[in-house]
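Me: I have a two-chain model open on my screen and would like a close look at one part of it. Could you walk me through a single strand and what surrounds it?

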Amino acid sequence: MRPERPLCSPRPPLASVQAALLSWITGQGLGAPAVDPPSLIHSDARAGADERLAVYAHMYRARLVEALESQFPRLARLVGAEAFADLTADYVADAPSRHPSLRELGRALPLWLAERRAERPALASLAALEWARVDLYDQADEAAMTLETPRAWPPERLGELPLRLIAAHRFVEVAGGTEALWDALSSDATEVPSALVASSALRPSAPLLVWRQEIAVYHRALAPDECAALAALADGSCFGVICERLAAVHGDELAAGRAFGWLSTWLTDGLLVQPA
Amino acid sequence: MTKSLFPNLGRGLGLRREHYRQVVEDRPAVGWFEVISENFMVAGGNPRRVLDAVRRDYPVVLHGVSLSIGSTDPLDERYLAELDALARATEPAWISDHLCWGTAHGINAHDLLPLPYTEEALAHAVRRVERVQERLGRRILLENPSSYLVLDGDMAEHEFLAELARRADCGILLDVNNVFVSARNHGWDAHAYLAALPAERIGQIHLAGHSADGALLIDTHDGTVCDEVWQLYAEAIERFGPRSTMIEWDADVPAFEVLERELVRAAQFEAAALGKKREETRDAA
């Protein structure tokens, strides 16, 4: 059956057709509807216009749920399939995709959860950690400094050793207990750890360091002094500055031990850029 | 048989995450790989490492899903710049996308929505293809979409696609499964569809599985190629000659060996079609 367009009525312009269809499929209001989508579509014995449009609407929802589930598998596991689908629908209604790649779909989800699901802070924290891990997966590669560099550096000038964090790192401020929640929600988890969820809301927030080494993404909790030291390295500094900051708080002897300990850890973790 | 504007790379596969390690480490005997452009338009990390490794051993073609060539939204210049950068880094045999649209008012449905096949849409698409080809400095291929609805228009999809390819001087990625799915969903004649396409512009063929959802067939890419699609593929080869052919399998991705068996079937259908064509030519002479 042909669309119900009287012979004398002009065909709507392409832009109006597309706005009407996309609005119908996504549920987004795109200005005053100039066209009724079903009236544009051929119906036949196989399927009517509404049924045909519904295929696209269903695929739209399913595609976005699948994309977000792949980016936030633990969040999806925590809330359950049905609630995650509802959460996805609410999120994309507020923040529809405006980027060509689905890779960007989840970028705003942690903040959205913090605002729209404020009564469950564990969700936003878990999402922030999961997004940081997704976001680092395909960041630019950089040559990481190895132990050989400080070993070959003149000992009397070790304070001048340039230290700069690789770009593939993030500091994520999350509710306390988020790391444990992340661990507990691994793919082989058999039950949702409700006690962990409840307790994470009560504990003070804590910084996590998330970074990529080679092709694997890691995260770990940071003590406040190491967090401050690493933050100072984000734009580049040198080993001597780190030592001086520590010495001001802990005294020279303790500062030296701690600074060398950090340097060893940062090198092992591939966190520092190889100097030119 | 008409020579294509694009080289025949033989039989290839879509490069999927499930097979990254096997492809890079074992270097299976596959003619070439198609990669989804958007999955590799990133700064680095494992995707680009894998692509670089695969490219060292195989020809690669880029297949996009977000060009939105038929959209009335402005072309996304940032997307084109990133695609151009990926192409410069990868040196693909060609770049393809779909005859479709997916955005309106800046919102992306991440779908391959069919155009109304009107003169207005044709003129619009021609201008956009010309602009994209100018930006990328190369001829692109556009794939016929699978569809579940048809909008009021002036011509059939195959007429629109053929005319677009001629006017914009672009190539066609013929998805035989999509022809079959859309023909079933809309009552089209799949044979007439193939017959209307300009042979020289067909540079690549897609084959895939589909599934049924009520009265409609859905292009799910989650299974083996069905017998009717194989027959249609043989008809396409007989009509157009051998073309770079690949299997698309995106959901419930099986072991690599299953895909290799599908490629063996493609080779068998191609050989049979070409043999039949030779016999017909000999008889006619």
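Reply: Happy to! Let's start from one pair of residues: L13(B) lies across from I247(B), a residue of strand 12 of chain B. Please keep in mind that the model is predicted.

The pair belongs to a pairing between strand 1 of chain B, residues 11-14, and strand 12 of chain B, which run parallel and share 3 bridges. Strand 12 of chain B also pairs with strand 9 of chain B, residues 202-208, again in the parallel sense, this time over 5 bridges. One place to find that second pairing on your screen is Q204(B), whose bridge partner in strand 12 of chain B is S244(B).

Is strand 12 of chain B buried or exposed? The strand covers residues 244-248, and 5 of the 5 are buried, so the rest of the structure largely encloses it. If you look at its two faces, S244(B), M246(B) and E248(B) are on one side, while T245(B) and I247(B) are on the other, and both sides are covered.

Next, follow the chain back a little to helix 9 of chain B, residues 227-240. This helix has 14 residues and spans 20 Å from its first C-alpha to its last, close to the 20 Å expected at 1.5 Å a residue. Its buried residues are V229(B), L232(B), Y233(B), A234(B), A236(B), I237(B) and F240(B). What do they pack against? Their partners in chain B are strand 8 (171-175), helix 7 (176-186), helix 8 (190-195), strand 9 and helix 10 (256-284). Strand 9 of chain B is therefore a link back to where we began: the buried residues of helix 9 pack against it, and it pairs with strand 12 of chain B.

A236(B) lets you see this packing at the level of one residue. Setting aside neighbours within four places in sequence, A236(B) is in contact with L174(B), V176(B), L194(B) and I205(B). A236(B) is also among the residues with the most contacts inside the largest nonpolar core, together with I172(B), V176(B), L207(B) and Y233(B). That core has 97 residues, and its largest share, 8 residues, comes from helix 1 of chain A. In soluble globular proteins, nonpolar side chains tend to be buried together. A second core, separate from this one, has 54 residues, including A122(A), A132(A), L208(A) and W211(A).

Two backbone details sit at the ends of helix 9 of chain B. Just after the helix, G241(B) has a positive phi of about 95°. On the other side, H221(B) is in the loop between strand 11 (216-218) and helix 9 of chain B. H221(B) has a phi near 55°, a positive value in a residue other than glycine. H221(B) counts as buried because it has 20 C-beta neighbours inside 10 Å. For a contrast, try E91(B), in the loop between helix 4 (77-90) and strand 4 (95-98) of chain B. The phi of E91(B) is near 50°, again positive in a residue other than glycine, yet E91(B) is exposed, with 9 other C-beta atoms within 10 Å.

Stepping back to the whole of chain B, you will find 10 helices and 12 strands. Buried residues account for 50% of its 285 residues. Its C-alpha atoms fill a box of roughly 55 × 50 × 40 Å along the principal axes. The radius of gyration is 18 Å, which agrees with the value near 19 Å for a compact globule of 285 residues. Among contacts between residues at least 6 apart in sequence, 79% join residues at least 24 apart.

Finally, here is how the partner chain meets this one. The contact takes 41 residues from chain A and 38 residues from chain B. On the chain A side, helix 1 (14-26) and helix 2 (49-71) are the elements that give two or more residues. Helix 1 of chain A gives the most, with 9 residues. By type, the chain A side divides into 23 nonpolar, 8 polar and 10 charged residues. So, if you want one more element to highlight beside strand 12 of chain B, helix 1 of chain A is a good pick, because it gives the most to the side of chain A that touches chain B and the largest share of the 97-residue core.

Notes: Residues are numbered from 1 along each chain as its sequence is written. Chains are lettered from A and ligands numbered from 1 in the order in which they are written. This is a predicted model: local features need pLDDT of at least 70, side-chain atom pairs count only at pLDDT 80 or more; totals for chains, interfaces and linings use all residues. Helices (H or I, at least four residues) and strands (E, at least two) are DSSP runs, numbered from the N terminus. The radius of gyration is taken over C-alpha atoms; the globule rule is 2.2 Å times the number of residues to the power 0.38. A residue is buried if 20 or more other C-beta atoms lie within 10 Å of its own, exposed if 12 or fewer, and partly exposed in between; C-beta atoms are placed from the backbone. Two residues are in contact if their C-beta atoms, placed from the backbone, lie within 7 Å. Ala, Val, Leu, Ile, Met, Phe, Trp, Tyr, Cys and Pro count as nonpolar, Asp, Glu, Lys and Arg as charged, and the others, Gly among them, as polar. Two strands pair if DSSP finds at least two bridges between them. A nonpolar core is a set of buried Ala, Val, Leu, Ile, Met, Phe, Trp, Tyr and Cys residues joined through C-beta atoms within 7 Å. The expected span of a helix is 1.5 Å times one less than its number of residues.
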